Amino acid sequence: MAGDWPACDEAGAAAAPDRKVWQVSELARRIKAALEGDIGTVWVEGEISNCRRPASGHAYFTLKDATGQLRAVMFRSAVAGVSVPLQDGQLVRGWGQVTMYERGGDVQIVLRRLELAGEGELMRRLELLKKRLAAEGLFAEERKRTLPLLPQHVGVVTSPTGAAIRDILQVLNRRFANLHVVLAPARVQGQGAAEDIAAAITLLNQRGGLDVLIIGRGGGSLEDLWCFNEEVVVRAIVRSAIPVISAVGHEIDWTLSDFAADARAPTPSAAAEQVVKGKDELERRIADARRRLIHGARGTMLDWQRRLELAARTPGLADPLQVVARYQQQVDYLAVRLQSALAGRPQLIRQRTDAAARRMILAMRRRLDGHRQTLRHVGAQRMALAVHQRLDGHRQAVRHMEVQLRVLNPRAVLARGYSLTRLADGRLLRSAAAVAPGSHLETELADGIVASTVDPAKGQDDGNGKERQAPELREGSETARGDSGGDGKRRPRTGKDGGGVRGGPETGQALLF
């Protein structure tokens, strides 16, 4: 080991062999060049944490997974190409140059492209818990209470060594120095912090005597503030009988305790400002109200004094009997005028009444005459209309009856090709077996009557042992019932229905039974 170190003389000066001594900036540049040369541009996937967007438009955040993290930066031109706003908890996939920030000595990746790779685990858990607690009504506006106007006792749940308690005390002392503050110390970051915060809230409620509670801490990453997202803290805030103000992180940070609390403040200092108004401001407002009250009372008193002086100078109030006497004199004067006016009034009223009655009778007669003429004219029109309507009704009834008669007329069936055959005694022939050879028949058609005689059918025995023909129809040999004239020509015969009757072979009809 001794050979590894240079030898020193008595003065402590070491012998300086030849060696390379790097400057910090030079070494940083060498490391940067090695990173950019050996690794270059790569794709990387991780969850965004501690995202910041300053006024320059650039984006600074940390990409992390379960076991490691890497600083990342996106310049404004690259941020403009990202389709969704960047926020903590997003799982992203980015492409960029691995490099080193020389001034800070930090290894980082300058991203040129960025796209969503899915939902980050922390944000997924946070959203699920938020939805479940909201469904239970823990974030409902109806259950939140208003803060007291002038609280005298304030409880604070935060770290006793953090900047939040110093900011809160500074603001309270500046605004209201004699305010009573009770601190319940609790861890506000790391494992077990959520249980400490919930226990501190419960302890202050059990102690009692407090008007309002402030819970919070300074800013930090999503992981730093995670204890204020725990369910145990949210339920402790909801159970609190004392109104609670949540003051966690900075203005851009939000936690579930903000939704459950009765009021939210962007910073711990702002929470202290919400708790109490400035003492000087309150004193000024009280003095201003006192001045306005005195001024208003003095003005009201002067106004009533002026009214009393004016009433004292009024003659009627100075001598009330004089006013009564003047009104009595006016009454006497009006009584005399009334008597004079009523002296000739009855006769005048009677004349006006008679004239009005005559005018009324004349007007009534004229009106009655006009009504009579109107009634005559209207009556004649209505009567003519009624007659026309009745005639139209009769016409429709006649048309309906005619249609019914045509439908029910038995001869309408004959017009469709049917016929009626009667025996000599007028009975209808319903079967061929009901006639014997030599029988006389009459067949009624749609346009006339045909007379016929039944002959024996061929091959049929006539009773004398001779073969005879089967019955058949033929025209009668004699002229029956005036069917022909003296010249031997057939003439139409008037049937029962008054129509012409035609019969014989010239009709072109062949009837077989």
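The following exchange goes through a few residue labels in a predicted model.

Biologist: Why is Leu27 called partly exposed?

Modeller: Its relative accessibility is 39%. Buried means under 20% and exposed over 50%, so Leu27, at 39%, counts as partly exposed. Leu27 is part of helix H1, which covers residues 24–38.

Biologist: What makes Leu27 eligible for a nonpolar surface patch?

Modeller: Patch members need over 30% relative accessible area, and Leu27 has 39%. Together with Trp22 and Ile31, Leu27 makes a nonpolar patch of about 250 Å².

Biologist: How do you know that Arg217 has no salt bridge?

Modeller: The nearest side chain of opposite charge belongs to Asp224, 5.0 Å away. A salt bridge requires the nitrogen and the carboxyl oxygen to be within 4 Å, so the pair Arg217 and Asp224 does not qualify. Arg217 is nevertheless buried. Arg217 sits in strand E8, residues 212–217.

Biologist: Which backbone oxygen lies 3.0 Å from a polar atom of the Arg217 side chain?

Modeller: That of Gly219. Among the residues that Arg217 touches, leaving aside those up to four places away in sequence, are Asp224, Phe228 and Pro268.

Biologist: What is the phi of Asn50?

Modeller: Asn50 has a positive phi of about 55°, although this residue is not a glycine. Most residues other than glycine have a negative phi. Asn50 lies in strand E1, residues 41–52.

Biologist: Why is Asn50 called partly exposed?

Modeller: Its relative accessibility is 33%. That value falls between the 20% and 50% limits, so Asn50 counts as partly exposed.

Notes:
Residues numbered from 1 in each chain as written. Predicted model: local features only at pLDDT ≥ 70, side-chain atom pairs only at ≥ 80, totals over all residues. Heavy atoms only, no water. Patch = residues over 30% accessible without salt bridge, like charges linked within 9 Å, V, L, I, M, F, W, Y side chains within 5 Å. Areas by Shrake-Rupley, 256 points an atom, 1.4 Å probe, with all protein chains shown as cover. Helix = DSSP H or I, 4+ residues; strand = E, 2+ residues; numbered from the N terminus. Buried < 20%, exposed > 50% of the residue type's maximum accessible area, 1.4 Å probe, protein only. Lys, Arg positive; Asp, Glu negative; His and termini not counted. Polar contact = N/O pair within 3.5 Å; in protein donor to acceptor, adjacent residues only side chain to side chain. Contact = heavy atoms within 4.5 Å.
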